[in-house]
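Trainee: Could we go through this fold together? I'd like to see how the strands and helices fit.

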Amino acid sequence: MRILVVEDEVDLARTLHSGLTAEGYSVDLAHDGRQGLWMARTGAYAAVVLDLMLPGLNGYKVCAQLRRESNATPILVLTAKNGEWEQTEALDTGADDYLAKPFSYLVLVARLRALVRRAAAVAPPVLAVGDLSLDVAARVCRRAGARVDLTPREFAVLELLARRAGQAVSKADLLYHAWPDDALDPNLVEARVSVLRKKVDAPFHRQSLQTVRGIGYRLVDDRERG
C-alpha cells in the first residue's frame, strides 16, 4: 500500500519514511507543494500525509486543487499550525483528518489506518469496463464471465487503466504503479501490455487495450466494435 508524504522538513520526512516503511507501507516523499500536487495527481496512493506550510504551493492549495479535480485520495494534514481556524480551513478545503505537530507517531499510524479503511469501504469492490471486471480485493480478473489469470504485475497495470477508464495513462504512471521500487524502464510496461492484450483482448476478439501514441495506453469499453 502506497503513501505519499509531502513535508518540507527533510529530517522529519525521512523519519516518517522510515517509520511508515517499517509499518509495511511503500512511501514516497515530496518536499514542496508543487511536487506533492504532481505526485498526488499521477500516483495511485492509499493516502497523502500533507504539511500546510510548504514552499512553492501551500498545503491548503494542494488539497483544494486535488478535490477540484475529483481526486478522492484520503488526506491527513500534519502541521505545526494547530489553531482552530487553521484546522477548520484545512478540513473545509477537503482534508479528511488533521494532526498537529508535535504528534504521537502511534496516533499518526492509527489515523492513517482509519482513513485507508474508510476509503476502502466506499470504493467500488469491482472495477468494470464493459464486460471486463477486476475484483481488486480478491485480485481476480474476468472477461465476459470467464476468469483470466494474471500475474501481480499484469493485474497492477490493468487496475490502474481500469481506475482511469477511457483516459490516457502514461507509461511513467503505469511503471510507477506496478514497479514502485524499480520504475526505470518503460519497456517493462510495453511488454506487460503486450501480454495483457493476448490474455484479455485476443481470446475475446476485442481491442479494449488501446495505444495512445506519444503518451501510453487507455482501457475502453469496445463492445460496440466487437
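Mentor: Happy to; this is a predicted model, and we'll take the sheet before the helices.

Trainee: In what order do the strands of the open sheet come?
Mentor: The sheet is built from 4 strands, and their pairing is antiparallel. From one strand to the next, the twist averages 25°. Read across, the order is β6-β7-β8-β9.

Trainee: Which strands stand at the edges?
Mentor: Look for a strand with a single partner, because one side of such a strand is left without a neighbour in the sheet. That applies to residues 126-129 and to residues 146-148. The edge strands are therefore β6 and β9.

Trainee: What is the bridge partner of R142 in β9?
Mentor: Start with β8, residues 140-143, which runs antiparallel to β9. The two strands are joined by 3 bridges. For R142, the partner in β9 is R147.

Trainee: Which strands does helix α8 touch?
Mentor: Helix α8 covers residues 187-201 and packs on the sheet. Its direction makes about 55° with that of β8. The strands it touches are β7, β8 and β9.

Trainee: How are α6 and α8 oriented to each other, roughly parallel or roughly perpendicular?
Mentor: Their axes lie 10 Å apart and the packing angle is about 85°. Angles of 65 to 115 degrees count as roughly perpendicular. So α6 and α8 are roughly perpendicular.

Trainee: How many residues of the contact of α6 with α8 are charged?
Mentor: Helix α6 brings R153, E154, V157 and L158 to the contact. From α8 come R192, V193, V195, L196, K199 and V200. They divide into 6 nonpolar, no polar and, to answer you, 4 charged.

Terms used:
Residues are numbered from 1 along each chain as its sequence is written. This is a predicted model: local features need pLDDT of at least 70, side-chain atom pairs count only at pLDDT 80 or more; totals for chains, interfaces and linings use all residues. Side-chain values use heavy atoms; hydrogens and water are left out. Two strands pair if DSSP finds at least two bridges between them. Axes are lines fitted to C-alpha atoms, for helices over the stretch in contact, and angles run from 0 to 180 degrees between N-to-C directions. Contact means heavy atoms within 4.5 Å. Angles under 35 degrees count as roughly parallel, over 145 as roughly antiparallel, 65 to 115 as roughly perpendicular and the rest as oblique. Ala, Val, Leu, Ile, Met, Phe, Trp, Tyr, Cys and Pro count as nonpolar, Asp, Glu, Lys and Arg as charged, and the others, Gly among them, as polar.
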